[in-house]
Every structure is written in C-alpha cells, then in structure tokens.
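Let's take a walk through this structure together, one piece at a time. Keep the view open as you read.

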Amino acid sequence: RAVADRREGLARLAGQVAARRSRVEAAEAEIGRLRESVGEAERRGHEATVEFAALESRVAGAEEGEEGLDAEHEAAVGALEAAVAELARLKDAEQAADKDRATWAARVDALEMSLVRKDGAGALLASDDLPGLLGSVAALVSVRPGYEDALTAALGAAADAVAVESLEVAVDALRRLRSEDAGRASLVVGTTTGPATPATPAAVRDLPEGAVPALDLVQVAAPLADAARVLLADVVVVEDLAHARALVTRHPDLTAVTRAGDLLGSARASGGSASAPSALELQAALDDARDRLADAVARGERTRFELQTARATEVAAREHHDATLERLHESDAALAAVAEQLGHLGSVARSARAEVERAQKALEAAGERLATDQAELAELAERLEHAEQDPEESDDRIDDATTERERTAAEASAARARETEARLTLRTSEERARALAGRAQSLERA
C-alpha cells in the first residue's frame, strides 16, 4: 500500500506536469491563432474600406444615369398614354360608325320598302317585260333640299307617276293595267309630241325677289327632261301664300307653290295641313339615307385602317414603355444592390475593427495566462524531478507480495466453491426429507 501510495503521488504529479505543459502549448497555439486572426481582420477591414470607396464612385455615376432613365421612362409613359387614348378614340369612332351604318342601313331598307308601290304604278315598276319603262318619276328627279313639298305640289299626280319613253309605251302600259286589272297609274311621257322646248312665260323671266322658277330647283334625268319642262314651265316657288297671291294676281298665267306645299293658280288651288310623305320626299330621304350610309361605311373603313396603325403604335409604345421600365427596374435593383453591398462592406469593416479589438484583448489575456502557466509548469517540473530521485521499494518485495496475494485469493475461491456445493447438498436433502414426510402423511390418511 505504501508503494502504491508513492506511485500514485508520482503519477499525479506527472499528470499535473503534463496537464500544465498541455495548457502552455494550448496557450501558445491560441496566441498564434489570435495573431493570425488579428492579421486577417486587419486585411479584411482594409479590403472592405478600399472596395467601399470604389463603390461610392460607381454609385455617383449610376445616380446620374438614373436621372436619364427617369426622363426616358416618363416620355415613354406619355407616349403610351397618348397611344392608348388615340386607340380608345378610334375604337369609339369605329363603334359610332358601325352604329350609324346599322341605323342608316335600317332606314334605307325601311324607305325602300316604303317606296314599293302596291297600286298600278307598282305593278308596272315590278314588270320586267315592258320595254320603254324608265322607272318612277321620284327616282329620276333630284330636288334641292328643302323644296320637296313645293315640287310635290307643283307636279301633283306626276310626282307619284311612272315615267315612260313615249306615247306608244304609255298606251301599252295602260292596256296592260286594264287587261290584268292591276289598278290605276299616272304616267309621264318622256318624249312629248309638242315642241322640244316649250315656251316659257315672260313673267317667269321677271319674278319678284324670293320667287324661284321650279325648273331651277330640280335636276331631271335626260329621258325625262322635256316632260319636266312641260310640267314645270309656268310654276314658280315662293315663300308663303301671301307671296303666292301677290304673284298670281300680278301674273295670272303663272302657278305659284309655297315651300310648305300649297299651290295657288288663277283657276285652281290646293294645299292644307301636311299629309303622308310623297314619293319625292321618300326618295329624297332615301337618297340622303344612302349618302349617310355610304359615309358611315367609309368612316368605318377609314377608322379600321387607322385602328391598325394605332394598334401598331400602341404596341410599339408599350414595348418601349416596358423596356424603359425594365431598364429602370434594373437600375433601381443595381442601385439597391450597390447600396446593400456598401452597407455590407461597412458592416464588414466595422466587424473587422471590432474583431481586431477583441482579438487584441484576447491576445493580452492569453499572454498573461501563458506566463502564469509557464511559471506553474516550471515549479511542477522541479518537484517531479526531486520526487523521482528518492529511493524506490524493492521489486522482489513487490513480486512476493503479489504472489502471496494471488495464492490466498485462489484458496478463498476454492473455499467458496466447496461451501456452495455443501449448501446445494443440504438443500437437496431437505427437499427429499420434505417429500418423504408428505408421502408418509398421505399414506397415513389413506
């Protein structure tokens, strides 16, 4: 036990020396690592500072370019808004033209149906096997706008009549109506049997102010020109009945008609409130509706052509807008990235400086610990050296004691084995005795 205690003391002292030496080596390694950390932190801080300065100069140039991109994007936005507004205007114009076209097409259809005659005149106009038939007078006569009522009154029944080339054609037409029982019809013969140019009353050439010869208010197709001159040679258009009375009183050989449709002559007169529209009025309305329909169609075609150009312009403006917006976003992203990088570099520089300060403090503390550990290591090494120089116990004595201990341990193991066997034998005998006693009791009861 004394030998063991001495060996334990030496081992403990040697362990303390090894532990202190390990602490010294670890402190030296930590000091080296801290010095490397200080150098690395100083290098990172210097690099971050240099890169920060370079990025600041790049940011200044990027901000100048950003102003140009803003102006270009604003111009692109204005151009796109103008293109969109023009496209919307043209779409509205196209819709309006389509609406007008539909409206006037419906009116043309309605007026054409209104001009379809259901009497004898209609039967003649519907026939296609009667040579010399020129058509309706209303379709062959064009009246100055605003004078339809006056010319209707001046022509009388001839306004709703059918125009034919000659008397022979007129006779054939009347015979057909009578033979087919198709009704009655008024006819106007294009080629008259009288003079080619009937005499115009002298009074027509000497009219008061405001009175207009009826022939000056109409344009007649060539086949019907002679008949129109015969029918309207002595007709003068005035403003109202007062002027008509004054004109007829002064010139009894003339017939005056007002713009409202009242007729006044020396031997006849007609007029009154408005009645159903005449064929001339319907034809004028039909011509006007056709003109408006053609204008609406032309406007629609023109608008659709302009729409193609406007759509192309809008697409180009939108592409330019998207391109400028993308460049602006890229510039903003680049500026944001540069700003973020500047913040990162500033953070790196600050963290590097803080790390240098912490490493310097840790380096000073590690130096103090190293000095303390080195002093303790020297003291422990000196104690270990003195302890190892003391005389040691004899190895033979230690071997004899070890042999004796092993012998006595073997005897003790054998004794424990014999004791275990004896206990097992005792337990077996006891179990057998109990079994015999139980059997005896059983036999006694039996």
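**A guided tour of the chain**

Within the chain, 77% of the contacts with a separation of 6 or more are between residues 24 or more positions apart. Keep in mind that what you're looking at is a predicted model. The chain has 446 residues, and 29% of them are buried. DSSP-style bookkeeping gives 9 helices and 10 strands. As for the outside, the accessible surface is about 28100 Å², with 52% of it belonging to carbon and sulfur atoms.

Let's start with the five-stranded sheet. It's an open one, with strands in the order 5-7-8-9-10 and mixed pairing. Strand 5 (212-213) and strand 10 (269-270) sit at the edges with a single partner strand each, so one side of each has no neighbour in the sheet. As a general point, strands of a sheet pair through backbone hydrogen bonds, and they can do so parallel or antiparallel. You can follow both kinds here. Strand 5 and strand 7 are antiparallel, with 2 bridges, and Val212 has Val237 in strand 7 as its bridge partner. Strand 7 and strand 8, on the other hand, are parallel over 4 bridges; look for Val238, whose bridge partner in strand 8 is Thr258. With helix 7 (residues 241-250), strand 7 and strand 8 make a right-handed β-α-β unit.

Move on to strand 9, and the pairing with strand 8 is antiparallel over 2 bridges. Here Val257 has Leu263 in strand 9 as its bridge partner. Strand 8 and strand 9 form a hairpin with 4 residues between the strands, and in this hairpin Gly261 takes a positive phi near 100°. Strand 8 itself is covered on both faces: Thr255 and Val257 are buried on one side, Ala256 and Thr258 on the other.

What lies across strand 8? That's helix 4, which lies across strand 7, strand 8 (255-258) and strand 9 (263-264), and runs at about 145° to strand 8. Of the 8 residues of helix 4, 7 are buried, so this helix is largely enclosed by the rest of the structure. The buried ones are Glu148, Ala150, Leu151, Thr152, Ala153, Ala154 and Leu155. Just after helix 4 comes Gly156, with a positive phi of about 65°.

Now for the nonpolar cores. In soluble globular proteins, nonpolar side chains tend to be buried together. In this model the largest nonpolar core has 24 residues, and those with the most contacts inside it are Val137, Leu151, Val188, Leu224, Leu232, Val237 and Val257. Strand 2 (141-143), helix 4 (148-155), helix 6 (225-232) and strand 7 (235-238) each supply at least two residues of this core. Helix 4 gives the most, with 5 residues. Take a closer look at Val137: leaving aside neighbours within four places in sequence, Val137 is in contact with Ala158, Ala159, Ala161, Val162, Ala163, Val188 and Leu224. There's also a second, separate core of 12 residues, which includes Leu13, Val17, Leu363 and Leu380.

Another sheet is worth a visit. This open sheet has 3 strands in the order 1-3-4, again with mixed pairing. Its edge strands are strand 1 (133-136) and strand 4 (187-189), each pairing on one side only. On average, neighbouring strands of this sheet are turned by 25° against each other, direction ignored. Strand 1 and strand 3 (residues 162-164) run antiparallel and are joined by 3 bridges, with Gly135 standing opposite Ala163 in strand 3. Helix 5 (residues 167-180) packs on the sheet and touches strand 1, strand 3 and strand 4, with its direction making about 160° with that of strand 4.

Finally, hop over to helix 8 (residues 279-388), where you'll find Ala365. Ala366 is in helix 8 too. Which of these alanines is buried and which is partly exposed? Ala365 has 28% relative accessibility, so it counts as partly exposed, while Ala366, at 0%, counts as buried. Ala27 is a good landmark here. The C-alpha atoms of Ala366 and Ala27 are 6.2 Å apart in space, although the two residues are 339 residues apart in sequence. For Ala365 and Ala27, 338 residues apart along the chain, the C-alpha separation is 10.0 Å. Leaving aside neighbours within four places in sequence, Ala366 is in contact with Ile31 and Leu34.

Definitions and conventions: Residues numbered from 1 in each chain as written. Predicted model: local features only at pLDDT ≥ 70, side-chain atom pairs only at ≥ 80, totals over all residues. Heavy atoms only, no water. Buried < 20%, exposed > 50% of the residue type's maximum accessible area, 1.4 Å probe, protein only. Contact = heavy atoms within 4.5 Å. Areas by Shrake-Rupley, 256 points an atom, 1.4 Å probe, with all protein chains shown as cover. Core = buried A, V, L, I, M, F, W, Y, C linked by side-chain atoms within 4.5 Å. Pairing = 2+ DSSP bridges. Axes fitted to C-alpha atoms, helices over the stretch in contact; angles between N-to-C directions. Right-handed = clockwise from strand over helix to strand, strands pointing away.
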